[in-house]
Amino acid sequence: MRLDHLFDANWHYDLLHEVGSPGGGDGQVYGQGTGILSGRVNGTARWANYPRLRGGYAFPDARGTVDVGDGGFVLFSLTGMSSITDGRGVHVMLFRTDDERYQWLNTVIAVGEGSVDRADGVLAMRYYACVVDHLPSLDAARAMA
C-alpha cells in the first residue's frame with residue numbers, strides 16, 4: 001500500500017463533556033468542534049464526536065462536514081484510536097460528496113497520524129489516501145478452493 005498525502009488538519013473542540021464509569025470502567029465523551037483542512041482538500045470542518053474511553057485510550061466515532069467553498073461540502077466519518085497518556089493518535093476516514101470537484105474522495109480510505117492534547121481539546125493530524133499498489137497473484141488462493 002502506498003500512502004499519498006491528502007491534507008493536514010487542525011481540530012479544535014469547542015464543546016466537550018465527559019462521563020466516567022464508577023469503578024474505573026469505560027468512559028464516554030461527547031464533543032463538538034471545528035477544523036481547518038489544508039492540502040488536496042481545503043476547507044473548514046464542523047463535527048461531533050462520541051468517543052469511548054478505555055484503558056488509557058480514546059476510540060473516536062466522529063461525523064462531520066467540510067465546507068470546501070462555493071457552496072460545496074464533503075461529509076466524513078472518522079474512527080481510530082488515540083493514546084490519552086502520550087498524545088499519539090491514529091484515525092481512519094471515509095468521505096461522501098456530490099461536489100464534482102471532490103467526488104474522487106468517495107472512493108478514498110484515508111489514514112491519519114498526529115498529536116492529541118486532551119486537556120486543551122486540540123489535535124494536529126496529517127492524513128493520507130491509501131492507494132493499493134500490491135496485487136499478488138490469486139493462484140495460491142484459487143488452489144485452496
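1. In this predicted model, the side chains of Ser 83 and Thr 85 are joined by a polar contact of 3.0 Å. Ser 83 belongs to strand E7, which covers residues 72-83.

2. Ser 83 counts as buried because its relative accessibility is 7%, and the cut-off for buried is under 20%. Leaving aside residues up to four places away in sequence, Ser 83 touches Gly 56, Tyr 57 and Arg 88. Of these contacts, Arg 88 is in strand E8, on the uncovered face of that strand.

3. E7 and E8 make a hairpin, with four residues between the two strands. Gly 87 sits in the turn and has a positive phi of about 75°. The two strands pair in the antiparallel sense, over eight bridges. Within this pairing, Ser 82 stands opposite Gly 89 of E8. Gly 89 itself is on the covered face of E8.

4. E8 spans residues 88-96 and has two distinct faces. The covered face consists of Gly 89, His 91, Met 93 and Phe 95. The uncovered face carries Arg 88, Val 90, Val 92, Leu 94 and Arg 96. A reader checking side chains in the model should note that Val 90, Val 92 and Leu 94 are listed on the uncovered face.

5. E8 also pairs with strand E9 (residues 109-117), again antiparallel, through seven bridges. Here Val 92 of E8 stands opposite Val 111 of E9. E8 therefore has pairings with both E7 and E9, as strands pair if DSSP finds at least two bridges between them.

Technical notes
Residues numbered from 1 in each chain as written. Predicted model: local features only at pLDDT ≥ 70, side-chain atom pairs only at ≥ 80, totals over all residues. Heavy atoms only, no water. Buried < 20%, exposed > 50% of the residue type's maximum accessible area, 1.4 Å probe, protein only. Polar contact = N/O pair within 3.5 Å; in protein donor to acceptor, adjacent residues only side chain to side chain. Contact = heavy atoms within 4.5 Å.
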